[in-house]
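Got the viewer open? Load the model, switch on side chains as sticks, and we'll walk through it one selection at a time.

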Amino acid sequence: MPKVKTNSSAKKRFKVTGTGKITHQKSFRRHLLTKKSKKRKRAMNIPGEVHQSNMNFVKRLLRLK
């Protein structure tokens, strides 16, 4: 029986915290930053949490379930 592989794109995008939550980086932070306010850019620095409705899907990609 072959090993089940973890999704390579998912392991680069998501990180599992010590408490078991899954975090991701916020979008819209790559370019065109001059028109965005400092407050908005600071808020995008904070990692986001995967929503409960998507949790099963992301866990399946990461082979946590």
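Which residues does I22 touch, not counting residues up to four places away in sequence? Select I22 and look around: F14, K15, V16, G48, E49, V50, M55, V58, K59, L62 and L64, where contact means heavy atoms within 4.5 Å.

A note before moving on: this is a predicted model, in which local features need pLDDT of at least 70 and side-chain atom pairs count only at pLDDT 80 or more, while totals for chains, interfaces and linings use all residues. Residues are numbered from 1 along each chain as its sequence is written, and side-chain values use heavy atoms, with hydrogens and water left out.

**Stop 1: the core.** Keep I22 and add A10, V50, M55, V58 and L62: these six residues form the largest nonpolar core. Such a core is a set of buried Ala, Val, Leu, Ile, Met, Phe, Trp, Tyr and Cys residues joined through side-chain atoms within 4.5 Å. Buried means under 20% relative accessible area, exposed over 50%, and partly exposed in between (1.4 Å probe, protein chains only). In soluble globular proteins, nonpolar side chains tend to be buried together.

**Stop 2: the sheet.** Switch to cartoon. You should find an open sheet of three strands in the order β1-β2-β3, with antiparallel pairing. The edge strands, β1 and β3, each pair on one side only. Helices (H or I, at least four residues) and strands (E, at least two) are DSSP runs numbered from the N terminus, and two strands pair if DSSP finds at least two bridges between them. For β2 and β3, the number of bridges is two. Select H24 and you'll see G48 of β3 standing opposite.

Now pick T23, which is found in strand β2. T23 is buried, at 15% relative accessible area. Leaving aside neighbours within four places in sequence, T23 is in contact with R13, F14, K15, T17, P47, G48 and E49.

**Stop 3: the salt bridge.** Select E49 and K21. Their side chains meet in a salt bridge at 3.9 Å, N to O; the term asks for a side-chain nitrogen of Lys or Arg within 4 Å of a carboxyl oxygen of Asp or Glu. The pair links distant parts of the chain, 28 residues apart: E49 sits in strand β3 (residues 48–49) and K21 in the loop between β1 (14–16) and β2 (22–24). E49 is exposed at 51% relative accessibility, and K21 is partly exposed at 41%. A search of the whole structure finds one salt bridge, so don't go hunting for another.

**Stop 4: a buried lysine.** Jump to K36, in the loop between β2 and α2 (38–45). What is the nearest side chain of opposite charge to K36? That would be E49, 23 Å away, and K36 is buried without a salt bridge. In that count, Lys and Arg are positive and Asp and Glu negative, with His and the chain ends not counted. Draw distances from the K36 side chain instead to the backbone oxygens of H31, at 3.4 Å, and L32, also at 3.4 Å.

**Stop 5: two phi values.** Most residues other than glycine have a negative phi, and most peptide bonds are trans. Check F28, whose phi is positive at about 65°. F28 is in the loop between β2 and α2 and is exposed, at 62% relative accessibility. Finish at R63, in the segment after α3 (55–61), where phi is near 60°.

Definitions and conventions
A polar contact is a pair of N or O atoms within 3.5 Å; within protein, one must be able to donate a hydrogen and the other to accept it, and residues adjacent in sequence count only if both atoms are side-chain atoms.
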